[in-house]
Amino acid sequence: MRKTFVSFLIVSFVAVQTISSSPVTREEAASNIDLLAGSMRAYVAPVEKQTPAPKGYKPFYLSHYGRHGSRYLHEASYYTGPMEILEKAAKDNALTDLGLDVYKKVSIIYSDAITRVGDLTPKGQAQHRGIADRMVQNFPEIFNSKSYITARSTTSHRVMMSMMSACMELQGLLPKMNISIDASAHDNSYMSTITNPANSERNNSKKGSAVNAFNAAHSSSDRLILALFKDTAYIKHFEHTIQPRSFGGFGGFGATSQSQSRTVIQDMSGTLFNQLMDIAQNMQSHDYNFDFNDLFTPNEWYDAFLKNNVYWYSVSAFTPLTNDVVPFGQENLLEDIISKADSAIAGNGISADLRFGHDTYLFPLVCLMEINDCAWSVEDLEKVADKWVDYDIVYMAANLQLVFYKNKKGNVLVKALLNEKESVLPVETDNFPYYDWNDLKNYYLKRLADYRKETNR
């Protein structure tokens, strides 16, 4: 199936340098803590300059899909879990000085976050305002007082707030611009759907076993709990309240490898470690005057990154572990992008289609579209971080922009901006980062047709 669907473009990549930063190594971890937050990394405005369009071409339309901006952690248990454990231990005088310091910081975060679980933070709002502002600066032919813009979001509160932040910035810069805004389940079929068989393959047993084994091999020791508590015997007080939790932060990174033979200390260590790592990775979403960077060793940060990275790879990318079909779960979204672009080219009067959603859909979309190295496929999870790194693909406020250009003859070119950086697309071109739209569209449509034929759909 891989051979049928993903004819990765060696010829094109010889002519154009692949756009990818060198993945951080374990030895470099201490100097790259912000990157190791992975999908919770805060958005960084680009510094690269835009390549001028070929002579005679001007931008006229932009198609976009963006993840919500920086947010509070999206489950209350990420805050209540460590708070309950540390609060009881503090009352029982069972915490070390380090443990008391961590408890004090967690208490501050808990008080701020517990009524804002999953909400967009002020940083998240600012990220989308900045992205919108740069759209206007970079493409005044598209975003101006005569423009008609559509903006659609999922019904998630943080996503709607992200859309509103962007649109309010656009409207503030260009008061006469016409913007149509909506957030409705009506658009779920392409905005927030994973079609089958891709959806079923995301969690097959083969992949689950491989991820579990990877996570077990990269799990941290009990170092942290020994540093937080005066006496490990105290932990037995929690024997009936601590629930074994899967390895890794972010919802366990898809793993459920805890065994019945694990001790209470091991379960406490794994649970509390993961909860505190969740909070530590998400600190970039806030403006607290402290962080938890030094609470974990560089090796612990790096292992947490590896597990986060493998989780997103396993549920988003091409890999034999999921029969190389998971990105095709975004077939509806890709078709929506193509059809709306063709309508704009035909003259429907829309200058930009802005879509606001989640990492769950943006990750596989960029893999399906073979942007940069995102369509790279590997079965050995130990090799994933050699090339596929989540902090370079989708993080807080991550976005894909397809910018369309045309000349007086009606020829149409397109370039892709992943997180506002010019990116490689899977067809040949003599004018990187500009590609012929018909070549690209036909390539994608053939891939979708081949996939549906192969899967009898």
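This is a short tour of one protein chain, from its overall make-up down to a few individual residues.

What you have here is a predicted model. The chain runs to 457 residues, and buried ones make up 58% of them. Its secondary structure comes to 15 helices and eight strands. Take the contacts between residues at least 6 apart in sequence: 82% of these join residues at least 24 apart. As for the outside, the accessible surface adds up to about 18700 Å², and carbon and sulfur atoms account for 49% of that.

**Helix α5 and H128**

Let's start with helix α5, which covers residues 122-138. Its 17 residues reach 24 Å from the first C-alpha to the last, close to the 24 Å expected at 1.5 Å a residue. Quite a list of its residues is buried: G124, Q127, H128, G130, I131, A132, R134, M135 and V136. What covers them? The cover includes two elements given here by residue range, α6 (157-173) and β1 (58-67), along with β4 (352-357) and β5 (399-406).

H128 sits in this helix. With a relative accessible area of 3%, H128 is buried, because the cut-off for that label is under 20%. Leaving aside residues up to four places away in sequence, H128 touches R67, H68, G69, S162, S165, A166, F356 and A397.

**Helix α6 and the surface patch**

M168 lies in helix α6, one of the elements that cover the buried residues of α5. M168 itself counts as exposed, since its relative accessibility is 58% and the label needs over 50%. Together with M164 and I181, M168 makes a nonpolar surface patch of about 280 Å².

**Helix α13 and N332**

Over in helix α13 (residues 331-346) you'll find N332. At 27% relative accessibility, N332 is partly exposed, because that value falls between the 20% and 50% cut-offs. Which residues does N332 touch, not counting those up to four places away in sequence? They are S189, Y190, T193 and T195. M191 belongs in this picture too: the C-alpha atoms of N332 and M191 are 8.2 Å apart, although 141 residues separate the two along the chain.

**Three residues side by side**

Here are the residues discussed above, with their accessibility.

| Residue | Helix | Relative accessibility | Label |
|---|---|---|---|
| H128 | α5 | 3% | buried |
| N332 | α13 | 27% | partly exposed |
| M168 | α6 | 58% | exposed |

Key
Residues are numbered from 1 along each chain as its sequence is written. This is a predicted model: local features need pLDDT of at least 70, side-chain atom pairs count only at pLDDT 80 or more; totals for chains, interfaces and linings use all residues. Side-chain values use heavy atoms; hydrogens and water are left out. Helices (H or I, at least four residues) and strands (E, at least two) are DSSP runs, numbered from the N terminus. Buried means under 20% relative accessible area, exposed over 50%, partly exposed in between (1.4 Å probe, protein chains only). Contact means heavy atoms within 4.5 Å. The expected span of a helix is 1.5 Å times one less than its number of residues. Accessible areas come from the Shrake-Rupley method with a 1.4 Å probe; for residues, only the protein chains shown count as cover. Patches are made of residues with over 30% relative accessible area and no salt bridge: like charges are joined within 9 Å, nonpolar side chains (Val, Leu, Ile, Met, Phe, Trp, Tyr) within 5 Å. A salt bridge is a side-chain nitrogen of Lys or Arg within 4 Å of a carboxyl oxygen of Asp or Glu.
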